[in-house]
Amino acid sequence: MVAAYEDAHEELEDKQTPGQPWLELKCQDIADGKLKAESLKQMISAEEATDDRTPTLRFKQDGSLGWSKSPISEVAPPTTSEQLRYRFKLTGRLWEMIRLQNPERPLLKDYTQSVWLKHVEWILG
């Protein structure tokens with residue numbers, strides 16, 4: 001999805017790219033046909049998602065114990081207008097990636113990145 005976005009728009013750094021946990025969640029929502037508004041804490045970049053947490057001891061599928069590092073899937077909610085602007089820009093990129101990957105879906109036809117950018121400018125000026 002990132003490659004399709006970069007072909008259509010611009011090359012992205014990890015801090016500008018929506019994180020994989022968030023992207024997978026939204027793709028699953030679309031597959032289920034149940035779009036839900038995401039929490040501001042779920043609006044995570046690829047850079048933030050790759051910061052590994054401290055390894056934790058978990059049960060594996062076979063029942064044995066093993067160490068695991070799970071990617072971060074939530075961040076602190078924005079506390080400033082610029083942090084909110086950043087999260088909304090990530091959201092715009094996320095939906096643009098999904099739209100480019102699913103051009104046949106009528107719901108996504110006019111759901112472009114520019115819609116999100118106009119929305120954030122309307123809110124924050």
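Modeller: A helix is a DSSP run of H or I with at least four residues, a strand is a run of E with at least two, and both are numbered from the N terminus. This is a predicted model, where local features need pLDDT of at least 70, side-chain atom pairs count only at pLDDT 80 or more, and totals for chains, interfaces and linings use all residues. Residues are numbered from 1 along each chain as its sequence is written, and side-chain values use heavy atoms, leaving out hydrogens and water.

Colleague: In what order do the elements of the protein run from the N terminus on?

Modeller: There are five helices and two strands in the protein. Read from the N terminus, the order is α-α-α-β-β-α-α.

Colleague: How much of the protein, with its 125 residues, counts as buried?

Modeller: Buried means under 20% relative accessible area, exposed over 50%, and partly exposed in between. The areas come from the Shrake-Rupley method with a 1.4 Å probe, and only the protein chains shown count as cover. Of the 125 residues, the buried share is 32%.

Colleague: Now the charges. How many salt bridges does the structure hold?

Modeller: Side chains of opposite charge can pair when their charged atoms come close. A salt bridge needs a side-chain nitrogen of Lys or Arg within 4 Å of a carboxyl oxygen of Asp or Glu. In this structure the number of salt bridges is seven.

Colleague: What separates Asp29 and Lys26 in helix H2?

Modeller: The side chains of Asp29 and Lys26 form a salt bridge, with 2.9 Å from N to O. Asp29 and Lys26 are both buried. They sit three residues apart in helix H2 (residues 20–32), so the separation is about one helical turn.

Colleague: How many residues apart are Arg85 and Glu121, a pair that links distant parts of the chain?

Modeller: A salt bridge joins the side chains of Arg85 and Glu121, 2.7 Å from N to O. Arg85 belongs to helix H4 and Glu121 to helix H5. Arg85 is buried at 13% relative accessible area, while Glu121 is partly exposed at 39%. Along the chain, their separation in residues is 36.

Colleague: What is the relative accessible area of Glu96?

Modeller: Glu96 and Arg99 meet in a salt bridge of 2.7 Å, N to O. Both lie in helix H4, three residues apart, which means about one helical turn between them. Glu96 is buried, because its relative accessible area is 3%.

Colleague: Which residues are joined into one network by salt bridges that share partners?

Modeller: Shared partners are what connect these salt bridges. The network is made of Lys26, Asp29, Lys36 and Glu38.

Colleague: Which residues gather in a patch of negative charge on the surface?

Modeller: Patch members have over 30% relative accessible area and no salt bridge, with like charges joined within 9 Å. Asp and Glu count as negative, and the charge is placed at CG of Asp or CD of Glu. One member, Glu47, lies in helix H3 (residues 46–49) and is partly exposed at 42%. The patch consists of Glu11, Glu13, Asp14 and Glu47.

Colleague: On to the rings. How many aromatic pairs are there?

Modeller: A pair of aromatic rings is described by the distance of the centres and the angle of the planes. Rings of Phe, Tyr and Trp (its six-membered ring) pair if their centres lie within 6.5 Å; planes under 30 degrees apart are stacked, over 60 edge-to-face, and the rest tilted. By this rule the number of pairs is three.

Colleague: How far apart in sequence are the parts that Trp95 and Tyr111 tie together?

Modeller: Trp95 and Tyr111 pair edge-to-face, 5.1 Å centre to centre, with 70 degrees between the planes. Trp95 lies in helix H4 (residues 81–101) and Tyr111 in the loop between H4 and helix H5 (113–124), so the parts tied together are apart by 16 residues.

Colleague: What is the centre-to-centre distance of Tyr111 and Trp116?

Modeller: Trp95 is buried at 3%, while Tyr111 is partly exposed at 29%. Tyr111 also pairs edge-to-face with Trp116, at 70 degrees between the planes. Trp116 is buried at 13%. The centres of Tyr111 and Trp116 are apart by 6.0 Å.

Colleague: Which residues do ring pairs link into a cluster?

Modeller: Tyr111 and Trp116 are among them. The full cluster is Phe88, Trp95, Tyr111 and Trp116.

Colleague: How far apart in space are Tyr86 and Lys15, C-alpha to C-alpha?

Modeller: Tyr86 is placed in helix H4 and is partly exposed at 28%. Tyr86 and Lys15 are 71 residues apart in sequence. In space, their C-alpha separation is 9.7 Å.

Terms used
Patches are made of residues with over 30% relative accessible area and no salt bridge: like charges are joined within 9 Å, nonpolar side chains (Val, Leu, Ile, Met, Phe, Trp, Tyr) within 5 Å. Buried means under 20% relative accessible area, exposed over 50%, partly exposed in between (1.4 Å probe, protein chains only).
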